[in-house]
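Here are a few exercises to work through at your own pace. Have a look at the structure first, then try each task before reading its solution.

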Amino acid sequence: METFKVVETFVSINGEGKKAGRLAMFIRLKGCNLNCSYCDTTWANKRDARCELLTAPQIVERIKEAGVELVTLTGGEPLLDENVSELIGSILMMPKVEIEIETNGSVPIRYYKERDNRLTMTMDYKLPSSNMEENMCLENMEYLKPWDVVKFVIGSREDLNRAKEIIERFRLCEKAIVYFSPVFGKIEPEEIVEFMKENKLNKVRFQIQIHKVVWDPDKTGV
Ligand SMILES: C[S@@+](CC[C@H](N)C(=O)[O-])C[C@H]1O[C@@H](n2cnc3c(N)ncnc32)[C@H](O)[C@@H]1O
Ligand SMILES: Nc1nc2[nH]cc(C(=O)O)c2c(=O)[nH]1
Ligand code: SF4
Ligand SMILES: [Mg+2]
């Protein structure tokens, strides 16, 4: 049976996005195809990162034991695993369980177009300060569902202007739920809110990573 490279599993409150504040079980898969300037989980992307090789039934068992109804599948970049659909399918077999996939915007999401709102894509659009913008898979904008999230992680004024441009070009606020989030410690959160006010970004939501306020920002497993 196929196995998945799992660098950590833990229960915490979801600290980001539409499901923020709810208990969630995190499944973090190893490895990423990008190298964002601000990445807070570079340890999970290293070739020699320690991981468990778990089958889908083993992962499902952990979720059942934890008794949570929300699963956040993240990484690294979770959609790089060629068998990830099998894992998603197994998790969705559990009644009541919802999955949110944190994906970096560079991997096609079209394979997941037949899905209901128990499967949410929380997709980043990587801005200039990440140094990864050229890797964005723009066709993904056509495969967003109204319950999906597009997240702009913002580190500079240039990022803010670019995010606005992208939102307008792809009419993102009509297609999905749009979030602005500061690169932790890199930009004054207030600058983002001021930009939203100046530009009347009524449909954009602002967020801060809650887990970095509750715990030490460098702590893993929370
Ligand atoms: C660690 S990534 C893993 C999933 C996927 N690789 C991605 O980038 O979406 C999860 C989320 O954390 C965000 N993130 C990473 N480092 C951050 C930082 N220093 N400040 C704010 N958000 C950060 C990413 O932009 C992404 O939205
Ligand atoms: N508490 C908590 N919430 C999160 N939401 C998305 C996370 C991620 O790393 O993808 C994350 C994380 O690492 N911790
Ligand atoms: S895509 Fe996600 S995991 Fe990969 S380097 Fe960027 S923030 Fe880190
Ligand atoms: Mg994180």
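**Exercise 1. Cysteines**

Why is the sulfur of C173 without a bond to the closest cysteine sulfur, and in which residue is that sulfur? Then find the disulfide count and check C51 as well.

*Solution.* Keep in mind that this is a predicted model.
- Step 1: The closest cysteine sulfur to that of C173 belongs to C137, and the two are 20 Å apart, too far for a bond. The cut-off for a disulfide is a pair of cysteine sulfur atoms within 2.5 Å.
- Step 2: Applying this rule gives a count of 0 disulfides. C51 is in no disulfide either, since the nearest cysteine sulfur, that of C32, lies 15 Å away.
- Step 3: Now add accessibility. C173 is partly exposed at a relative accessible area of 25%, and C51 is partly exposed at 31%.

**Exercise 2. The two sides of a helix**

Work out the span of helix 4, then decide which of its residues are buried and how they are arranged around the axis.

*Solution.*
- Step 1: Helix 4 covers residues 157-169, which is 13 residues. From its first C-alpha to its last it reaches 19 Å, close to the 18 Å expected at 1.5 Å a residue.
- Step 2: The buried residues of helix 4 are D159, L160, A163, I166 and I167. Looking down the axis of helix 4, these buried residues fall within an arc of 130°, so they line one face of the helix.
- Step 3: A general rule helps here: an α-helix has 3.6 residues a turn, so residues three or four places apart point the same way.
- Step 4: E158, E168 and R169 are exposed on the other side of helix 4.
- Step 5: The packing partners of the buried residues include strand 7 (149-154), helix 6 (189-198) and strand 9 (204-206). Helix 5 (172-175) and strand 8 (177-182) are also among them.
- Step 6: After helix 4 comes R171, with a positive phi near 50°.

**Exercise 3. An annotated threonine**

Is T41 buried or exposed, and which residues does T41 touch beyond four places away in sequence?

*Solution.*
- Step 1: Locate T41 in the loop between strand 2 (23-29) and helix 1 (42-45).
- Step 2: T41 counts as buried because its relative accessibility is 11%, and the cut-off for buried is under 20%.
- Step 3: Leaving out residues up to four places away in sequence, T41 touches R28, G75 and G76.
- Step 4: In the unreviewed UniProt entry, the annotation "binding site" covers T41.

Methods:
Residues are numbered from 1 along each chain as its sequence is written. Chains are lettered from A and ligands numbered from 1 in the order in which they are written. This is a predicted model: local features need pLDDT of at least 70, side-chain atom pairs count only at pLDDT 80 or more; totals for chains, interfaces and linings use all residues. Side-chain values use heavy atoms; hydrogens and water are left out. Helices (H or I, at least four residues) and strands (E, at least two) are DSSP runs, numbered from the N terminus. Buried means under 20% relative accessible area, exposed over 50%, partly exposed in between (1.4 Å probe, protein chains only). Contact means heavy atoms within 4.5 Å. The expected span of a helix is 1.5 Å times one less than its number of residues. The arc is that of the directions from the helix axis to the C-beta atoms. UniProt positions are given in the numbering used here, feature names are shortened, and annotations may be inferred rather than shown by experiment.
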